[in-house]
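These notebook entries record what I looked up, element by element and contact by contact. The structure comes first.

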Amino acid sequence: MITNTELEYKGNLYPNRIVDFNQETDKFLFTTENGVILELTVLRNSAVRFRYATDYMFQPDFSYAISEDASRGYNRLDVTDTKTEYLIETSRIKILVDKETLRVQISNLEGKIINEDELGFHWEENYEYGGNSVKMSKITQTSESYYGMGDKATHSNLKGKRVSNWVTDQYAYGKDQDPLYKAIPFYIGLHNGMAYGIFFDNTFRTYFDFAHERKNVTSFWADGGEMNYYFFYGPEMSRVVQAYTDLTGTPELPPLWALGFHQSKWSYFPESRVKEIAKKFRKLKIPCDALYLDIDYMDGFRCFTWDPDKFPDPKAMISNLNKDGFKTVVMIDPGIKVDRDYWVYKEALDNDYFCKRGDGPLMQGKVWPGVCSFPDFTKPVVRQWWAGLYKELIAETGAHAVWNDMNEPAVMEVPTKTAPLDTRHDYDGHPCTHRKAHNVYGTQMIRATYEGVKKYVFPKRPFVITRAAYAGAQRYTSTWTGDNVATWEHLWIANVQVQRMCMSGFSFVGSDIGGFAEQPTGELFARWIQLGIFHPFCRVHSSGDHGDQEPWSFDPEVTKIVRKFIELRYQLLPYLYTMFWKYANDNVPMLKPLVYYDQQDPQTHFRTDEFIFGEQILVCPIQEPNAQGRRMYIPKGKWHNYWTGEVVEGGMEKWVVADIDKIPIFVREGAIIPLYPVQQYVGELEIKELILNVYFKIGVEDSSVYEDAHDGYDYKKGGYSLRNFKLNGKENEIIIQQFKSGTYIAPYQKFRIKIIGLPFKIKSIMVDNVQVSMKDVSLNGGSTIEIAKNFTALHIKGK
């Protein structure tokens, strides 16, 4: 008898009728006749988790993305069982689950639909690998826009795009090329004035179609794993981004020097060249806090070693650089050279720390040292071992920070650019193949690096950088946008990518200023610096194959412009540090696209160039050659031109003059911007006064300044200073109130307050209800005064 043993291809499979319902406090379980289970968990009033199982069986509930400190709790939770559906209601949203199809509809309390399933959850059995491809399709609402998704090198608004997540080493990538180095499967939808977010926490290769294939359908799916996503409702976009960031976590505060200007190259060697670069920075008085050593400092590209010829005494070199204000940042890659005489390789081999192929042999691939093996960073004991390897580099040799590159992991000379899919991983006790672990490999490497650096720089704070990342990596690390190109198009890409990363919960980010591949013109380099000083991570990095890219590598005019803007960054450090505190403490993105700033204005929905730096500074880079200005959109409200002092009314496009030495910068009226004096490096000068630039407004505006010791952990025990200012401006008077908290005492004793745009001459000044003479406050130029820092109310009246 001949039997047909070929597997039946079933195609897409769908849930059918609900036959069982259970509630366990904040968790609801819906079971269908054909074995699908929907586990719906209410996390907060406007945050809900949806998790689907097939064949009555959930996979182990484990995630690298979710923060242990994520908020939970809700005010109200009711469930109603009707003839056709289940209704779950919180104090913010209503969720309908259809009894016949398991499809979900989410609305606000007024009944306006926020998000609804089209086909909803469906799946396809994967006969090649086992398990399922899991899929979700949603109805695209009228005029819906989409944002987020990490480092995508495409337009900020993803409407009409299809993208995927598979962290990839993409040297010299281009506009719209996908995927890149990050896998952050989180997007924000915006329609009818309402914003929501969806985070698809699945580490397999994932795909998102934002009304690309079908105009009325948005869908996302994965090659394996579970359909497991989190839903966040605003209606403000700010609430959505903050809720997602709360779920996946934020970093500790970095040392302040990490927010300074950094200089890097592939590669600075030998030691004499590093010293030469440092000396030139100080001679030209261009501020710089860190110099980077790429792979050429190593002995034959072996990680955790030094080339004895190029760097005969690295400890002394690092110490001498530190005396001159330079921190040293060193690169470490994941590939460990196959060499039985190499101690790191031998330790990993003896302890079974390397990744293996499906049938048992070591997973090996070619990288810079030649043939390498790769530690399994998804195994806790391996992470602990890797962290310990930094002892000699950090604690004994004195390196200050570490930069993890090639950690996708990148493998050379293979079409996939990475490890074979049958590579095995521990996945913290949930064994799997590289199909599942690939997207988190780099994050678990930088996690181990972070733990090691944190241990060995203590009591100071750690600073680490990664190229590859999955959602949640921001808890451990900063990042950059990878191997870009010295072109005007890539200047545009860098602007979009950094804004998008900030919207995706990952604010400590920057680009290789000037471009990694190829050589920029002086004009392009100057324009890129003008943008880069407003990115949270500010570093020049380039490939040595294409010439020099230091600030003085072009002509004297470019050097002067670059110095001017780096000095501006150092002046803005207290403002930038306050931005970082708000990010770490309140989940607020450090940069905000205009749509985040004002989602009710449809003119902001497709803007890519303009962004808000922190809360109150509007920036718009120049992104084409030979420009003497540009048209840009000024958001609603009144804004002071930073350069000219002119006050402009927003809500419209305007031509803004910006020759080669300027870019458009505006400050929101009412803002109080804190400034430090220019320093050549953080800590060079004792700060003797805090400058407060006050931008006059008729009305009320809040501002704040966060300070601490700029390193160490006293801030976690109350050792910080948070000054909240409230400005109330009228036609002939201005009142500034100050509310201070925290026990940190800043070294300066006074504020120098400069009031910009003041429409009257100062007649009288009261400090804490006591009249003071003009002489006592050093009135200078009619609008600048000096007063003791601990006032509670400053009252200035005009003539």
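The entries below concern a predicted model.

**Helix α11**

I began with helix α11, which runs over residues 573–586 and has 14 residues. I checked its length: from first C-alpha to last it reaches 19 Å, close to the 20 Å expected at 1.5 Å a residue. I then asked how many of the residues of α11 are buried. The count is 12 of the 14, so the helix is largely enclosed by the rest of the structure. I noted which residues these are: L573, P574, Y575, L576, Y577, T578, M579, F580, W581, K582, Y583 and A584. I also looked at what comes just after α11, and found N587 with a positive phi of about 65°.

**Cysteines**

I searched the whole structure for disulfides and found 0. For C303, which is in no disulfide, I looked up the nearest cysteine sulfur; this belongs to C372 and is 7.8 Å away. C303 has a relative accessible area of 1% and is therefore buried. I repeated the check for C502. The closest cysteine sulfur to that of C502 is in C538, at 14 Å, which is too far for a bond, because a disulfide requires the two sulfur atoms within 2.5 Å. C502 also counts as buried, at 1% relative accessibility.

**Two loop residues**

I next placed E110, and found it in the loop between β8 (104–108) and β9 (113–125). Is E110 buried or exposed? With a relative accessible area of 65%, E110 is exposed, because the cut-off for that class is over 50%. I compared its position with that of A401: E110 and A401 are 291 residues apart in sequence, and their C-alpha atoms are 52 Å apart in space.

T168 was the second loop residue I examined, in the loop between β12 (162–165) and β13 (182–183). T168 counts as buried, at 10% relative accessibility. I found that its side chain reaches the backbone oxygen of W166 at 2.5 Å. Leaving aside neighbours within four places in sequence, I listed the contacts of T168 as P179, L180, Y181, E408 and K417.

**Salt bridges**

I counted the salt bridges and obtained 51. I then took several in turn.

The side chains of R214 and E118 meet at 3.0 Å, N to O. I noted that this pair links distant parts of the chain, 96 residues apart: R214 is in the loop between β16 (206–210) and β17 (217–222), and E118 is in strand β9. R214 is partly exposed, at 37% relative accessible area, whereas E118 is buried, at 18%.

For K662 I found a salt bridge with D661, with the closest N and O atoms 3.4 Å apart. K662 is partly exposed, with a relative accessible area of 25%, and D661 is partly exposed, with 27%.

For E701 I found K697 as a partner, the closest N and O atoms being 3.2 Å apart. I asked whether each partner is buried or exposed. E701 counts as buried at 8% relative accessibility, and K697 counts as buried at 15%.

My last look-up concerned a network of salt bridges. I recorded E39, R49, R51, D61 and E226 as the residues it links.

How values were computed. Residues numbered from 1 in each chain as written. Predicted model: local features only at pLDDT ≥ 70, side-chain atom pairs only at ≥ 80, totals over all residues. Heavy atoms only, no water. Helix = DSSP H or I, 4+ residues; strand = E, 2+ residues; numbered from the N terminus. Expected span 1.5 Å × (residues − 1). Buried < 20%, exposed > 50% of the residue type's maximum accessible area, 1.4 Å probe, protein only. Polar contact = N/O pair within 3.5 Å; in protein donor to acceptor, adjacent residues only side chain to side chain. Contact = heavy atoms within 4.5 Å. Salt bridge = Lys/Arg side-chain N within 4 Å of Asp/Glu carboxyl O.
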